[in-house]
Amino acid sequence: MLDICCVGHITLDKIITPKATKYMAGGTSFYFSKALRQMEVNFGLVTAVGQSEMPVVDALRTEGIKIQASVSAHSVYFENSYGLNSDHRTQRVLQQADPFTVEQLQPVEAKIFHLGPLLANDMELEVIKYLADKSTLSLDVQGYLRTVQNLKVLPVDWHDKIEALPYIHYLKANEYELEVLTGCTDINQGAQILADQGVKEVIITLGGQGSIILSNGQFYQIPAYKPPTITDATGCGDTYMAGYLYQRVKGASIEQAGNFAAAMAGLKIGASGPFTGTEGDVMAFMNQPR
């Protein structure tokens with residue numbers, strides 16, 4: 001029995017910033033797995049990649065990450081472009097991967113499954129229902145809100161949301177995804193709509209403005225933990241959720257987990273690539289004067 005299992009595609013990412021263009025592995029599953037690599041948690045990953053990206057899977061295994069990997073016809077290939085404001089990006093999808101199936105997930109048992117769809121067809125509703133029947137579900141909703149037209153990623157509402165949301169315990173979205181999902185620009189009102197639709201813990205990340213968590217009618221205001229310089233925002237939301245679920249599965253309160261998650265994301269944004277630190281690094285960063 002795993003404590004946490006992430007389900008999602010590892011991607012090939014092209015990241016364009018004002019400073020440089022880089023190619024690297026990515027996706028929710030990659031950044032989430034890397035963030036938990038040195039934490040005291042029994043973690044596993046279910047992923048699917050094209051044969052050309054299998055060396056990335058092998059490299060993660062050598063780092064001690066438990067992985068069930070299937071070969072897909074293609075890997076997901078994203079192009080992420082950031083301007084001077086690192087909270088905003090434009091995306092193109094150059095390749096798509098095969099969707100996940102119930103059969104792939106039948107052998108896996110975990111206390112929490114964290115779902116990281118990158119595109120709307122990555123995980124059908126039957127996968128959510130199946131996993132919710134045997135575990136607690138966490139969802140980064142971003143992939144369900146993306147459609148691809150002429151390689152460009154465009155926002156779209158999640159057509160299964162009314163049926164799916166009651167199965168989700170933890171749901172993470174940023175303020176732009178929240179508006180697409182609820183039609184509401186007010187953060188608190190949008191979070192309340194998701195709670196009314198069945199989500200137990202609504203987590204809204206707001207970039208440099210911190211985050212808001214809603215549970216059982218109570219709002220928690222979580223500050224941002226900012227590094228001296230902002231280098232690379234890719235994967236910050238995934239790092240946040242890794243920290244949050246890690247703390248929650250250990251028994252931390254919502255506020256404790258939120259602050260830990262925010263500090264973990266703050267450390268990540270100060271360096272290129274995934275989070276590579278320890279729990280001690282996060283705690284030290286949290287305790288620095290701000």
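1. Let me start with Y170: in this predicted model, its relative accessibility comes to 7%, so Y170 counts as buried. Y170 also has an aromatic partner worth a look. With Y244 it forms an edge-to-face pair, the ring centres being 6.1 Å apart and the planes at 80 degrees to each other. The angle is over 60 degrees, which is why the label is edge-to-face.

2. What does the Y170 and Y244 pair tie together? Y170 belongs to strand 12 (residues 170-174), whereas Y244 sits in helix 8 (residues 236-249), so the contact links parts that are 74 residues apart in sequence. Y244 is buried as well, because its relative accessibility is 0%.

3. Helix 8 brings in another ring, that of Y246. Y246 pairs with F260 in a tilted arrangement, at 6.0 Å centre to centre and with 50 degrees between the planes. F260 lies in helix 9 (residues 254-269), so this pair joins parts that are 14 residues apart in sequence. Are the two partners, Y246 and F260, buried or exposed? Both are buried. If you would like to browse further, the structure holds 6 aromatic pairs, including the two described here.

4. On to the cysteines. How many disulfides does a search of the whole structure find? The count is 0. C5 and C6 are good places to check this by eye: for C5, the nearest cysteine sulfur is that of C6, 7.1 Å away, and for C6 the nearest is that of C5, again at 7.1 Å. A disulfide needs the two sulfur atoms within 2.5 Å, so C5 and C6 do not form one with each other.

5. Accessibility adds to the picture of these two cysteines. C5 has a relative accessibility of 1% and so counts as buried. C6, at 0%, is likewise buried, because the limit is under 20%.

6. Finally, a word on the second largest pocket. It holds about 280 Å³ of space. Which residues lie nearest its centre? They are T17, P18, K19, T231 and D232, out of a lining of 16 residues. Sorted by class, that lining has 8 nonpolar residues, 5 polar ones and 3 charged ones. When you have the model open, T17, P18 and K19 are handy starting points for finding the pocket, being among the residues nearest its centre.

How values were computed: Residues are numbered from 1 along each chain as its sequence is written. This is a predicted model: local features need pLDDT of at least 70, side-chain atom pairs count only at pLDDT 80 or more; totals for chains, interfaces and linings use all residues. Side-chain values use heavy atoms; hydrogens and water are left out. On a 1 Å grid over the protein atoms alone, a cavity is a set of points where a 1.4 Å probe fits but cannot get out, and a pocket is an open set with protein on both sides within 12 Å along at least five of seven lines; lining residues have an atom within 4 Å of a point. Grid points are joined across faces, edges and corners, and a volume is the space filled by probe spheres set on the points. Ala, Val, Leu, Ile, Met, Phe, Trp, Tyr, Cys and Pro count as nonpolar, Asp, Glu, Lys and Arg as charged, and the others, Gly among them, as polar. Rings of Phe, Tyr and Trp (its six-membered ring) pair if their centres lie within 6.5 Å; planes under 30 degrees apart count as stacked, over 60 as edge-to-face and the rest as tilted. Helices (H or I, at least four residues) and strands (E, at least two) are DSSP runs, numbered from the N terminus. Buried means under 20% relative accessible area, exposed over 50%, partly exposed in between (1.4 Å probe, protein chains only).
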